[in-house]
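Me: I would like to go through some of the labels given to this model and see what each one rests on. Please set the values against the definitions.

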Amino acid sequence: MADQTSVVLRGGTVLTLDAQHRVLPRADVLVTGDRIAAVGEALAVPEGTREIDASDGIVMPGMIDTHRHMWQTAMRGYGADWTLTQYFVWYYLESGKHFRPQDVRAGNLLAAAEAIDAGVTTCVDWSHGLQTVGHAEAAVDALRSLPGRYVLAYGNIQQGPWEWSTSADFQAFGRRMLDDERLGFQMAFDVTGDPTFPEKAAYEVARELGVPVTTHAGVWGATNDDGVRLAHEAGFINESHIFVHAASLSADSYHRIAASGASVSVSTESEQSAGQGYPPTWALRAHNIPVSLSMDTSVWWSGDLFSAMRTTLGADRSREHFEAHQKGETITHCSLRAEHVVDWATRGGAEALGRSADLGSLEPGKKADVVLIKNEASPVSFPLLNPYGHVAFQAQRGDVHTVLVDGRVVKEDHKLVGVDLGAIRREVEATVEYLRGTLGEEDWLKGMNPDVPATKVLDNPYTYTDYASGATHGG
Ligand SMILES: [Zn+2]
């Protein structure tokens, strides 16, 4: 063991996220090689162990995002004012086909750097821009060149899933990915609800390869209960199946998902503004469906799970209050706690990915994916009274001080380690320049600035009152 490097994070408030959710004040986390060796107070450590001062900070497991279209990060912020309709038109119908392998690579590089920087140590790359296996190779190449743990969820919005999944090219690529130790592999496609269930062919390929499937489900106007029912009746839903959004579904679909042991990846920021349906955690809780969190795409939103935790708490509580007010009732105690969303951002993701044996909590023997939240320069860093509440409502990506993946320090003292951001910037700029040139200036600007519908200002009875004279005009 002497040749293995050891790192100890000293004296932090440790959120173990173990089965008992133990919170340890002033505890140490010792990492040896790629594993957590010990968690406890005043740990004795091997000689030469690197010490990181975690005092006044929070030490927690690396966060896990179960649905992120990493290739779209090259278009960061472009679609801030989009609805889902505008997103579909831009990516699915008009401009998505222009993305070359190097553009997918550029997006993935930036997304990977963004994830690690925010303490997201595992990310499902919901990569549905893979028009060719060449695009997929470029996506994988990017994921391999940066630290972090990734699952490539292979998809292609330019073809039906029954087309791309049955090609010899894809299947050969899929088999190669199964031998990859570091990168996970899934298949990503949507089930439209067409009664002939053409997606069955893709599910059969996934079953043959032995890989999990993830689908956007319960997306208003796109996928509905029929898709869930068809896949369930055909026996394709199991514990490894991740439904994304699941926002506009009936109780029947939730029952089918729950009974199959599948989970739902909730992207609250996305559901709130794109229009898939109300963020569903309030319904998922009632149906006892496992939840993980995700942020969907940086073409609209930020790539960190602090926002996901915060908006999810807000949306769930809004719904609970709103439903009660409709009945003239008052909610006096919140059902969803800060602790729950921190669990979903860590353990929940590990469980969804079938990785709870080695990811999602800080326990001896588990993989050392660790985040230290600490920012001495920030007035928001103290007092640290309620650690789960601090993570969910106070902290943000700038407070991520140190990140370890697989026992390696990949961010330290607020700076990424071994990531050449300048080189990534040049690749992203080349992609932006190419796309802007290909679309032409007019379409580029039109895509970013959708028309604003006229707001109908309501008739206001009080505007007829003349306050100066106290008289009311007849109206
Ligand atoms: Zn998505």
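**Labels and their grounds**

Reply: To begin with, helices α2 and α14 cross in a left-handed sense, a term used when the near helix is turned anticlockwise from the far one by less than a right angle, right-handed being clockwise. This is a predicted model, in which local features need pLDDT of at least 70 and side-chain atom pairs pLDDT 80 or more, while totals for chains, interfaces and linings use all residues. Residues are numbered from 1 along each chain as its sequence is written, and side-chain values use heavy atoms, with hydrogens and water left out.

Me: Why are α2 and α14 called oblique to each other?

Reply: Helix α2 (residues 101-117) and helix α14 (residues 421-439) pack at about 140 degrees, their axes 9 Å apart. Axes are lines fitted to C-alpha atoms over the stretch in contact, and angles run from 0 to 180 degrees between N-to-C directions. Under 35 degrees counts as roughly parallel, over 145 as roughly antiparallel, 65 to 115 as roughly perpendicular and the rest as oblique. The pair is therefore oblique.

Me: Which residues are the protein donors of the zinc ion?

Reply: They are His67 (NE2), His69 (NE2), His216 (NE2) and Asp296 (OD), at 2.1 to 2.6 Å. Donors are N, O and S atoms within 2.8 Å of the metal (3.2 Å for Na, K and Ca); water is not among the atoms, so sites may look incomplete.

Me: What makes the arrangement around the zinc ion irregular?

Reply: The four donor atoms subtend angles of 81 to 173 degrees, which makes the arrangement irregular. Tetrahedral needs all angles between 85 and 135 degrees; square planar for four donors, and octahedral for six, need opposite donors over 155 degrees apart and all others between 65 and 115; anything else is irregular.

Me: Are His69 and His216 buried or exposed?

Reply: Both are buried, that is, under 20% relative accessible area (exposed is over 50%, partly exposed in between; 1.4 Å probe, protein chains only). Strand β15 (residues 400-405) is mostly covered, with six of its six residues buried.

Me: How do you know that β15 pairs with β16?

Reply: Three bridges join β15 to β16 (residues 408-412), the two running antiparallel. Two strands pair if DSSP finds at least two bridges between them. Helices (H or I, at least four residues) and strands (E, at least two) are DSSP runs, numbered from the N terminus. Val405 stands opposite Arg408 in β16, and in the turn of this hairpin Asp406 has a positive phi of about 55 degrees.
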